[in-house]
Amino acid sequence: MKWYIASTLITGVMSVLITFLMTWNFDSKYIGVYGLVSSTAAFFLLVFYLGLDQALVRNFNTSENKKNTLYNCLLPCLVFFIIGSSFFLLNYSCFSKILYGESSLLFIILTCCLIFLMLIQRFFLLIIRCDGESKNFAINNILNKFLYFFYILVFIIFSLESKVFSLIYGLLASILICNIFLLRSVYKYLTFDKSLYFDKKYFKYAIPLLFSTFIIGLLGFLDKFLISKWYGLNDLGKYVVVYNAGLIFSYFTSLVNIIWMPFVFKNQNKNIKE
């Protein structure tokens, strides 16, 4: 419990510091690009989840074959991601003009990379949460923010020249390093063996969640997309700064969600056995 509380408070404080440093050192247009790429990735990520991330949380602790549960939830998401990202890349000019305002292959590549890394991180963190490894979970969340904070700090200390996608490069690097760190804890669930098989019950649980998940993701994306279209990336950057500063209050509700769901499902399994 104490690790969840500590990580929530620390990451909340670091998020405010990161927002402050971004405002200090980066042009508002670059912050706008950061907000547009991250919100686009977050929206399509919710679509690519197919609701299977929630199916993993629901079934992981009650499953006798946890490895099979992970593969049944993660692999369909990866397949859907590969199909979706291939479609985006083949039509990068059209999608980048709609989202970014100009034809940019790099914009689509970075967005797809961010979706992939965030997808992997999401499932890795869910496994650690369900396994009750609160210390590893907390350290990863803190490390993720710290690495990004350090990345921005390097720009300031050494007066490096920032570019349009500089903030995205730092975000990708921090998530990649954290995923490598998480790999140590989840590796035991990633090895293939003969016990793996397809189980459609996970889709039965996940599919009803698709519509609500899509709507939530769309609402989280539309504000930034419409601001960038109507007012431009400079104004979007200002909006992102204010929006991120207010997100510190959401960390407290996230804390309840992080602790409550694994606790309920783990105790439910315990009651069934008794």
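In the predicted model, helix 2 (residues 28-49) packs against helix 11 (residues 233-246) at an angle of about 70 degrees, and the axes of the two helices are 6 Å apart. Helix 2 and helix 11 are therefore roughly perpendicular to each other, since angles of 65 to 115 degrees fall in that class. The crossing of these two helices is left-handed. On the side of helix 2, the contact is made by Ser28, Lys29, Ile31, Gly32, Val33, Tyr34, Gly35 and Leu36. Helix 11 contributes Leu233, Asn234, Leu236, Gly237, Lys238, Val240, Val241 and Asn244.

A second packed pair is formed by helix 5 (residues 92-99) and helix 10 (residues 210-230), with an angle of about 85 degrees and axes 9 Å apart. Helix 5 and helix 10 are therefore also described as roughly perpendicular to each other. The residues that meet are Lys97, Ile98 and Leu99 in helix 5 and Phe221, Phe225, Ser228 and Lys229 in helix 10.

Lys229 can be followed in more detail. This residue of helix 10 counts as partly exposed, at 39% relative accessibility. Leaving aside neighbours within four places in sequence, Lys229 is in contact with Lys97, Ile98 and Gly101. Two backbone oxygens are reached by the side chain of Lys229: that of Lys97 lies at 3.2 Å, and that of Ile98 lies 2.7 Å from a polar atom of the side chain. Lys229 and Tyr100 are 129 residues apart along the chain, and their C-alpha atoms are separated by 8.6 Å.

The fold as a whole can be summarised next. The secondary structure of the protein chain comes to twelve helices and zero strands. Of the 274 residues in the chain, 48% are buried. When contacts between residues at least 6 apart in sequence are considered, 82% of them join residues at least 24 apart.

Helix 8 (residues 166-186) holds two serines with polar contacts to asparagine side chains, Ser174 and Ser185. Ser174 has a relative accessible area of 1% and is therefore buried, the limit for this class being under 20%. The side chains of Ser174 and Asn144 are joined by a polar contact of 3.4 Å. Not counting residues up to four places away in sequence, Ser174 touches Asn144, Leu147 and Tyr148. Leu147 is 27 residues from Ser174 in sequence, while the C-alpha atoms of the two residues are 5.5 Å apart in space.

Ser185 is likewise in helix 8. The relative accessible area of Ser185 is 16%, so the residue is buried. The side chain of Ser185 makes a polar contact of 3.0 Å with the side chain of Asn136. Outside the residues up to four places away in sequence, Ser185 touches Ile128, Glu133 and Asn136.

Backbone angles were examined in the loops. Most residues other than glycine have a negative phi. Leu50, a residue other than glycine, has a positive phi near 60 degrees. Leu50 lies in the loop between helix 2 and helix 3 (52-59) and counts as buried, at 15% relative accessibility. Ser159 is not a glycine either, and its phi is positive at about 50 degrees. The loop that contains Ser159 runs between helix 7 (134-157) and helix 8. Ser159 is exposed, with a relative accessible area of 62%.

The cysteines remain to be described. A disulfide is a covalent bond between the sulfur atoms of two cysteines. The count for this model comes to zero disulfides. For Cys112, the closest cysteine sulfur is that of Cys113, at 7.1 Å, which is too far for a bond, because a disulfide requires sulfur atoms within 2.5 Å. For Cys113, the closest cysteine sulfur is in turn that of Cys112, also too far for a bond. Cys112 is buried, with a relative accessible area of 7%, whereas Cys113 is partly exposed, with a value of 36%.

Conventions. Residues numbered from 1 in each chain as written. Predicted model: local features only at pLDDT ≥ 70, side-chain atom pairs only at ≥ 80, totals over all residues. Heavy atoms only, no water. Helix = DSSP H or I, 4+ residues; strand = E, 2+ residues; numbered from the N terminus. Buried < 20%, exposed > 50% of the residue type's maximum accessible area, 1.4 Å probe, protein only. Contact = heavy atoms within 4.5 Å. Polar contact = N/O pair within 3.5 Å; in protein donor to acceptor, adjacent residues only side chain to side chain. Axes fitted to C-alpha atoms, helices over the stretch in contact; angles between N-to-C directions. Parallel < 35°, antiparallel > 145°, perpendicular 65-115°, else oblique. Left-handed = near helix turned anticlockwise from the far one by under 90°.
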